[in-house]
Each structure stands twice: as C-alpha cells, then as structure tokens.
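Student: Can you walk me through how the strands and helices are put together here? I'd like the cut-offs as we go.

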Amino acid sequence: MSEQQSMIRAARVYLRVSTDEQDLARQEAIVTGARAAGFYVAAVYREKASGARPDRPELLRMVDDLQPGEVVIAEKIDRISRLPLPEAELLVATIRGKGARLAVPGIVDFSDLVADSSGVSRIVLEAVQNMLLRVALQTARDDYETRRERQREGIEIAKRAGRYTGRKPDLAHHRRIVALRDAGMSIARTAELAGCSIAQVKRVTALHRKKITAPDMHYESIDAGQ
C-alpha cells in the first residue's frame, strides 16, 4: 500500500435543500456512506437555502474550514452550486485553492489517476475532469433557470385567472441575514453577501432581537418595504 493510500482520508459533507419546508433526512445517508467508504467525516454542514445564492452561511463556513487533502462530499453537484457558470467555477477554484477536491456522484473523479500520471496523460486527464465538471455546473444552472421560467409562467397564468395572491415573505432570506450576523459579519458585509440593502439587514436584525424577547413576533412585516 502506498503512502498516499495509507493516509487517513478526511471529508466534509455538505447537505442542502432549497426551502425550510424541505427535509434533509434523505441526504443524511451520504454521511453513513462516506464513513463506509473509509472517510473520516470531519464535519457535516446542513443548509436550507437556494443553490443559486453565493452567500450561504454553511457553505461559506465549510469552505473556510477546509484543510489541504480533504474531500467535499455532496449528493449532487447542484447541492453545491446552481450559480452562473463563472461564479460556480470561482467557488470550485476556491475549494481547490484550499487544497481540497470535490467527490460528487455523476462527476468522474480522476484525482488518483492524475496523481499517478505525468506528461501528456496527466494533462489529458485534468482536461477531461475539468470539462466534465464544467458541463455539470452549467447543467445545474440551466435546470435552475428552467425552473424559474416555469415559475414565472405559472405566476402569469395565475394572475390572468385572478388566483395570484402575491409573494410570500422570504423567511429563508431573513434567516440567512440573521445567520451571517450571528457569524460575526458586519452589517455592510452581511448586506453584500445576502444581496440586499443595509437598511434591510438592520430591519431584519432589529426584528430578530425583538423576537428573542417576544417569541410570538414574525418576520412578515419586513417584506412590505421590499
């Protein structure tokens, strides 16, 4: 057995669903599967947020925690990203820049082969790996855009039929703001990461503090000004 094979393989598992109503339970099997495959699971990151957002607190925490040689495990590539391709590639580059790599079903991982190769063979394997990853990231984004377009069409149909009642409060977005503030982000940095105004960050933060002392309060009133 080579020195590389005998080393402990450490993994960080990222689980994500898009809304609070969805359940992460199905993805929990990934943790068991990773351990069964011989990985030491350093941490599990559970997130309820859209993959089209770059400001996911648990994703940011995972990337910050990554150590050289670790593996990021997710159910599918769209659990990691539904971002536009340039942003998705930047995220992957950040993960790789930490000395880690992705292990996602549907993405052929040539890492071991690349490590044992040299010259033209190594260049070809790396190129194929990057091409497959690029295609998967673009497919994840295309699927997101298709879903959004169908949603817009459904809203237009509902409006014409007089059945559209308007947008519900984005409670997941409010919770992201609270999570970023709780993680020590400044108001300005939170606004930047959450893609909203400084004023909204202040409103959500203030209401959250009131909610702690008055649990019956809700976030709905914030959306009136958005």
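Tutor: Sure, one definition to start: two strands pair if DSSP finds at least two bridges between them. Helices (H or I, at least four residues) and strands (E, at least two) are DSSP runs, numbered from the N terminus. This is a predicted model, where local features need pLDDT of at least 70, side-chain atom pairs count only at pLDDT 80 or more, and totals for chains, interfaces and linings use all residues. Residues are numbered from 1 along each chain as its sequence is written, and side-chain values use heavy atoms, with hydrogens and water left out.

Student: Over how many bridges do β1 and β2 pair?

Tutor: Their pairing is in the parallel sense. Within it, Val17 sits opposite Lys48 of β2. The bridge count for β1 and β2 is nine.

Student: What is the handedness of the β-α-β crossover from β1 to β2?

Tutor: The chain leaves β1, runs through α2 and arrives at β2. To judge handedness, point the strands away from the viewer: a clockwise path from the first strand over the helix to the second counts as right-handed. This crossover is right-handed.

Student: Which strands are at the edges of the sheet?

Tutor: The sheet is open, has four strands with parallel pairing, and runs in the order β2-β1-β3-β4. An edge strand pairs on one side only. That gives β2 (39-48) and β4 (101-103).

Student: Which residue in β4 does Ile73 stand opposite?

Tutor: Strand β3 (residues 71-73) pairs with β4 in the parallel sense, over three bridges. Opposite Ile73, in β4, is Ala103.

Student: Are α8 and α9 parallel, antiparallel, perpendicular or oblique to each other?

Tutor: The axes of α8 (residues 171-182) and α9 (residues 187-194) come within 10 Å and cross at roughly 140 degrees. Axes are lines fitted to C-alpha atoms, for helices over the stretch in contact (heavy atoms within 4.5 Å), with angles running from 0 to 180 degrees between N-to-C directions. Under 35 degrees is roughly parallel, over 145 roughly antiparallel, 65 to 115 roughly perpendicular, and the rest oblique. So α8 and α9 are oblique.
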